[in-house]
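Hi everyone, thanks for making time. I'd like to walk you through one model today, so please have a look at the screen.

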Amino acid sequence: MPINAEYRGPGDLPEVIPVFPLPGALLLPRGQMPLNIFEPRYLAMVDDALRDGHRLIGMIQPDVAHSPDVDRPALFRVGCVGRITQLAEAGDGRYILELTGITRFKVVEEMSVLTLYRQCKVDYFPYIDDFTARKGEEAVDREALLAVLTDFLKANDLKVDWEGVETAPNEALVNALAMMSPHGAPEKQAMLEAPDLKTRAEILVAVTEMDIAKKRTSGDPGLQ
């Protein structure tokens, strides 16, 4: 999706960003994530992002498994910053928005702030390749990806727009399938932190094959 800003490198992004901890949420560079915002702290976060002009929100998963504080869980160390590229008011106090992913980041430290929402100082340099669209997509095993997608759809009695799949570039295909996948937080974090697109695709294929294998072992009638 075209956006009204050009991000050529880490220097084009702020060092401190608001973060939205959301379990199971995976945003990747140039991917689109719809969000339904209704909590007061996150409504304030969106308002501030628009007021400040940067329109940026960092998506990150809470590390619930290692968090004694349920109300303020620890965060995974890697997330992805996105720009608000669509926004609508629902009329009942909610925002319906879409984020377009820009680049991943590492959390340097969480800031002590007065805002209701959390903010982190982040480092984009470990993921400088994210600023180059479609980098490394020629190394993706597209055939393996489509084969496991076919098996997954059959196992779950789902359909897909095959014309759209077949015309999608490898980067868009891998990232969209990873973001939409039903896998858990550890698997999604592994795909987020993958060093390159090829590795992300391989992780996606591997965890999906394991999921299908479990269904077969459990005697799922859809796989008989």
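I'll start with the overall fold and then move to how some of the helices pack.

One thing to keep in mind: this is a predicted model. The secondary structure adds up to 6 helices and 6 strands. Reading from the N terminus, the order is β-β-α-β-β-β-β-α-α-α-α-α. The radius of gyration is 18 Å, close to the 17 Å that the globule rule gives for 224 residues, so the protein is as compact as a globular protein of that length. If you prefer dimensions, the C-alpha trace spans about 55 × 35 × 35 Å along its principal axes.

Now, how much of the chain is buried? Of the 224 residues, 44% count as buried. And if we take contacts with a separation of 6 or more, 68% of them come from residues 24 or more positions apart.

Let's turn to helix H4, residues 170–180. Why do I call H4 largely enclosed by the rest of the structure? Well, 8 of its 11 residues are buried, under 20% relative accessible area, so the rest of the structure largely encloses it. The buried ones are Asn170, Glu171, Leu173, Val174, Asn175, Leu177, Ala178 and Met179. What do they pack against? Their partners are strand S2 (32–37) and four helices by name: H2 (142–155), H3 (162–167), H5 (185–193) and H6.

Let me take H6 as a partner of H4. H6 covers residues 197–217, and the two helices pack at an angle of about 40° with their axes 10 Å apart. That angle makes H4 oblique to H6, and their crossing is left-handed. On the H4 side, the contact uses Asn170, Glu171, Val174, Asn175, Leu177 and Ala178, and these meet Leu197, Arg200, Ala201 and Leu204 of H6. Sorted by class, that contact has 6 nonpolar, 2 polar and 2 charged residues.

On to H2, which also packs with H4, here at an angle of about 35° and with the axes 12 Å apart. The crossing of H2 and H4 is left-handed. H2 brings Arg142, Leu145, Leu146 and Leu149 to the contact, while H4 brings Asn170, Leu173, Val174 and Leu177. In this contact of H2 with H4 we have 6 nonpolar residues, 1 polar and 1 charged.

So what about H5 and H6? These two pack at an angle of about 160°, with their axes 8 Å apart. That makes H5 roughly antiparallel to H6, and the crossing is right-handed. From H5 we have Glu187, Ala190, Met191 and Leu192, meeting Arg200, Ile203, Leu204 and Val207 in H6. The classes here come to 6 nonpolar, no polar and 2 charged residues. If you were following the names, Arg200 and Leu204 of H6 are in the contact with H4 and in the contact with H5.

Last stop, the loop between H4 and H5, where you'll find Gly184. Is Gly184 buried or partly exposed? Gly184 is partly exposed, with a relative accessible area of 32%. For a sense of distance, Gly184 and Ile128 are 56 residues apart in sequence, and their C-alpha atoms lie 26 Å apart in space.

That's my tour; I'm happy to go back to any of these helices on the screen.

How values were computed
Residues are numbered from 1 along each chain as its sequence is written. This is a predicted model: local features need pLDDT of at least 70, side-chain atom pairs count only at pLDDT 80 or more; totals for chains, interfaces and linings use all residues. Side-chain values use heavy atoms; hydrogens and water are left out. Axes are lines fitted to C-alpha atoms, for helices over the stretch in contact, and angles run from 0 to 180 degrees between N-to-C directions. Angles under 35 degrees count as roughly parallel, over 145 as roughly antiparallel, 65 to 115 as roughly perpendicular and the rest as oblique. A crossing is left-handed if the near helix is turned anticlockwise from the far one by less than a right angle, and right-handed if clockwise. Contact means heavy atoms within 4.5 Å. Ala, Val, Leu, Ile, Met, Phe, Trp, Tyr, Cys and Pro count as nonpolar, Asp, Glu, Lys and Arg as charged, and the others, Gly among them, as polar. The radius of gyration is taken over C-alpha atoms; the globule rule is 2.2 Å times the number of residues to the power 0.38. Buried means under 20% relative accessible area, exposed over 50%, partly exposed in between (1.4 Å probe, protein chains only).
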